[in-house]
Amino acid sequence: MADIPLINYRNIRLGKVEKLRELGINPFRSKCSRTHYADSIIKDFESMEGQTVTVAGRLMSWRPHGKLTFCHVQDQTERMQILFHKKELGETDLSLKNLGYSDLKLLDVGDFIEITGSVMKTQKGEITVLANSLKMLTKSIRPLPDKWSGLKDREAILRRRYLDTTIKPGNKDHFEAIARMLFATRKFLDDRGFLEFTTPVLQPQYGGGTAKPFITRVNALDCDMYLSISHELYLKRLIAAGFDKVYTIGKYFRNEGIDKQHHPEFSMIETMTAYENYEYNMDLIEDLFRYIAEQAFGKMEFNVQGHTIDFGKPWKRISMVDAVLEATGRDFRKFKTVEEANAFLTSLESEEPVAPQASIGHALAAAFEIKVEPTLIEPTLLYGQPMEISPLAKPMDDDPGFAERFEIFIGGMECGDNWSEQNDPVHLLECWKENFRRKDLNPEEFHPLDLDFVEVLEYGMPPTTGIGPGVERMAMIFSEKDNIDDVIFFPMMKPHVSPINAIIYEVDQLEDFRGKEVETTGEDMALSMHDFSELLSDKIISPESTELTIYPYLQVWEKPSAKGQWKATGYLDMDGFFKNKKVRIVGYTAKSDKKSEIDAEKEAFRIFIEQSLSKTIRQYFNADAYDIKIAEVKIIR
RNA sequence: GGUCCCUUAGCUCAAUUGGCAGAGCAAUUGACUCUUAAUCAAUAGGUUGAAGGUUCGAUUCCUUCAGGGAUCACCA
C-alpha cells in the first residue's frame with residue numbers, strides 16, 4: 001500500500017500534521033482574524049499601502065527563493081501575493097501560535113492560512129502583503145490538481161466541483177451569477193406584490209403534469225408519498241385562501257431520462273396571480289427576463305446555442321395554429337377530421353416517420369414539434385395550444401378548441417409553460433375522466449387526480465393564471481451554457497468509490513474492525529458478497545466454529561415497479577463466524593415481468609447460495625473440516 | 001432502457017502492427033534575497049477502472065462488470 005503515490009503524498013502531509021502538533025500548533029485552528037479581503041486591498045491600494053492587514057485563504061502557489069518566499073493566497077474574492085521574508089517573519093512563536101520562516105516547509109499548496117503583514121508593491125509591481133506573522137488554519141492532506149491544467153475529466157469535475165471551483169475561480173463567478181439571478185427574481189416579484197411561500201416536497205398525490213414521480217415512504221404515517229413533480233395545486237390553494245399574488249421557488253423531481261437539458265431534480269419559479277388571465281403573464285415573464293438580464297448579468301445580449309439573443313427587444317407572440325400555418329402553409333383550423341390532419345402530418349418531410357395522432361389537436365402539436373419548435377431561436381411566446389393537449393387549462397372564450405395557454409421558447413428550448421387555470425370543478429373532473437381514466441390507456445398514461453383539489457374548486461377559486469419558468473434553463477440561457485450540469489453545482493451522480501479511496505478508507509475501516517473485540521460488540525455485520533470473499537481471502541475473518549449455518553431470506557416486493565416489474569432481493573445471515581453474532585451478506589436481486597417467476601426465485605437464490613457462497617467458503621478453508629448447513633429460504637413480503 | 005465512445009502516476013497527457021509503461025506539473029532532498037507556470041541539481045513515484053479469456057508476451061485483441069460522456073426514446 002505504501003507504493004501507491006497518493007498514499008505517500010498523504011502520509012507525508014499527515015506527518016506534517018503531526019509535526020505541527022508536536023510544535024504545539026493546531027493544524028485545524030478554528031479562529032481567524034481576517035481584516036481584509038484581497039480585492040479590497042487591490043482596489044484601494046493607494047490608501048492601503050503601508051497599512052497592516054490580515055488576510056486569509058487557501059495557499060495556491062509556492063515559490064521559495066532562499067531567505068525569501070513568494071506565494072499566492074486565494075480568498076473568496078481574489079488571489080493575493082504574500083511575501084515571506086526571513087527577517088520580517090521571524091521564528092515560530094508558540095505564545096502567539098505563529099509559524100516562523102524555518103517551519104514554512106510544513107506548509108503545502110492547498111492549506112488554509114492567515115497572514116498579517118503590511119501592504120506593499122514588489123519590484124515587478126504586484127500588490128503584495130509582506131508577512132510578519134503566519135498562522136495555520138487548516139492543513140490539507142491531499143494534493144490539489146495541477147494548478148495550470150486543472151481538472152479536465154468530466155466525471156472528476158462533476159463529482160468534485162469544489163476542486164474545480166478552487167482551481168478555476170471564474171467558475172465561482174458563474175455560480176454567483178446564478179445565485180444573483182434568483183435574488184433578482186425574488187426582488188422582481190416582491191416589488192410587484194408577490195408573496196413567497198414554501199410548498200411540500202413530499203406530496204400524497206402527484207398532480208399537474210404527466211411526469212413519472214419518485215416514490216418515498218413516510219414511516220410515521222405508514223404510507224407512500226411522492227416527491228413533488230409540481231407545486232401548482234398548492235399555490236392555487238393559496239389563491240383560494242385569499243392571497244392574490246403568490247410564488248414559490250420549488251424543487252421538482254421527475255423520474256425520467258437524464259440528458260443535457262433534463263435533470264431528475266430541478267427548480268422552478270412558479271407564480272399564481274388571481275383576477276388575471278394568461279395575457280398578464282406574457283408581460284410578466286418578458287419583464288422578468290429583462291430584469292434578470294439587467295440586474296443579475298448586467299447585459300441584454302446573450303449567446304444561446306450559437307445565436308445572439310437580445311432581451312431588450314419585445315418577444316414574438318404567435319398562436320400555435322398560425323406558427324404551423326407560417327411554416328407549412330396549411331391551416332389546421334380547416335381540418336374537419338383526424339384522418340385529414342394525419343394525412344397532412346405524414347406528408348410532412350421529417351427524418352423520423354410520424355405516427356398517426358389521436359386527434360386534430362394532437363396532430364397540430366406534432367406538426368408544431370417537427371416544423372416549428374427547432375426554429376424558435378428568438379424568445380417566442382407561443383399561445384393557443386389545442387385543448388386536447390392542455391386538459392387542465394381554460395379554453396379561450398372565442399375559440400374553445402384552444403387553450404388560454406402559452407409556452408416560452410428561447411434558443412429552441414422550452415423554458416416554461418403557462419396558462420389560465422381551469423377553475424370549473426365539474427369541467428376539470430370530466431376532463432380528467434375523459435383524458436386519464438379511459439380503460440384503453442396503459443398504466444403509464446393513467447394519471448391520478450387530486451380530489452382534494454377538486455373540492456377546493458367547488459368552494460371556489462377566482463380566475464387565476466401562473467407562470468413556471470425553469471431555474472436551470474434560465475441559468476443556461478443567461479450564463480450561456482448548453483449543458484444543465486454546468487448550472488447545477490451538484491449534479492446527480494451514481495455513487496462511486498474510486499479504487500484509490502477504497503484502498504485508503506477501506507483498509508482504515510478494516511483496521512478499526514480488526515482492533516475491535518468483535519465478540520463483545522453484539523452488533524451484527526452486513527457485508528457484500530464481494531467484501532465477504534475479500535475478508536476471507538485476506539484471512540481477516542475466519543470461522544469460529546466448525547458448524548456454519550446459513551439462513552437465507554428473500555424479500556419479495558408486494559407491488560410491481562412503475563415499469564411493471566416484480567422485484568425480489570435476497571440476503572442471508574450466517575452463524576459460526578463470531579460468538580453470538582451473525583454475519584449478514586446482502587446483494588442478490590432478481591426482477592421479472594411475472595409475479596409467478598419471482599416466487600420461483602426462491603430456488604434460484606438457493607442455487608446462488610450453494611454455488612457462490614459455499615464455493616467461496618470452501619475455497620479458503622478446508623471444506624471437509626466444516627459442516628455447512630443451509631436452512632430453507634424464508635420469504636418475506 | 002437502446003446504440004456508440006472514454007477510463008494509463010495526485011493532475012494533464014504519451015506509448016508505432018500485440019514486444020522493456022514514458023513526459024510535464026505536483027512531490028521528496030539540496031542550493032538560492034523581488035519571484036510569479038521562478039530557476040538549478042538530484043531522488044522517488046504505476047492494481048494501465050475491476051474480473052476473466054486468447055497469446056511465448058496484453059495499456060493494445062475478446063467477454064463480463066463498474067463509472068462517465070454523447071445520442072435516441074420519455075420529459076421541462
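In this predicted model, R473 reaches toward RNA strand B, with a polar side-chain atom sitting 2.9 Å from a sugar or linking oxygen of the RNA. G150 makes a contact of its own through the backbone: one of its polar backbone atoms is 2.7 Å from a sugar or linking oxygen of RNA strand B. With W148, the partner is a base, as an N or O atom of the W148 side chain lies 3.1 Å from a base nitrogen of the strand. The elements giving two or more residues to this surface are helix 1, strand 1, strand 2, strand 3, helix 5 and helix 16, and helix 1 gives the most, with 5 residues.

Zooming out, 55 residues surround RNA strand B, and D3, P5, K124, E155 and H262 come nearest. The residues of this surface split into 22 charged, 18 nonpolar and 15 polar. On the RNA side, sugar or phosphate accounts for 57% of the atoms within 4 Å of the protein, and bases make up the rest.

Helix 14 covers residues 451–459, and its buried residues are F453, V454, V456 and L457. These four sit on the same side of helix 14 because they cover an arc of only 150° around the axis. L451, E458 and Y459 are exposed on the other side. At the N-terminal end, D450 acts as a cap, with a side-chain oxygen 3.1 Å from the backbone nitrogen of D452. After the helix comes G460, which has a positive phi, near 115°.

As for the cysteines, the disulfide count is 0. C71 counts as buried because its relative accessibility is 0%, while C223, at 24%, counts as partly exposed.

How values were computed:
Residues are numbered from 1 along each chain as its sequence is written. Chains are lettered from A and ligands numbered from 1 in the order in which they are written. This is a predicted model: local features need pLDDT of at least 70, side-chain atom pairs count only at pLDDT 80 or more; totals for chains, interfaces and linings use all residues. Side-chain values use heavy atoms; hydrogens and water are left out. A disulfide is a pair of cysteine sulfur atoms within 2.5 Å. Buried means under 20% relative accessible area, exposed over 50%, partly exposed in between (1.4 Å probe, protein chains only). The arc is that of the directions from the helix axis to the C-beta atoms. A polar contact is a pair of N or O atoms within 3.5 Å; within protein, one must be able to donate a hydrogen and the other to accept it, and residues adjacent in sequence count only if both atoms are side-chain atoms. A residue is near a molecule or strand if one of its heavy atoms lies within 4 Å of it. Ala, Val, Leu, Ile, Met, Phe, Trp, Tyr, Cys and Pro count as nonpolar, Asp, Glu, Lys and Arg as charged, and the others, Gly among them, as polar.
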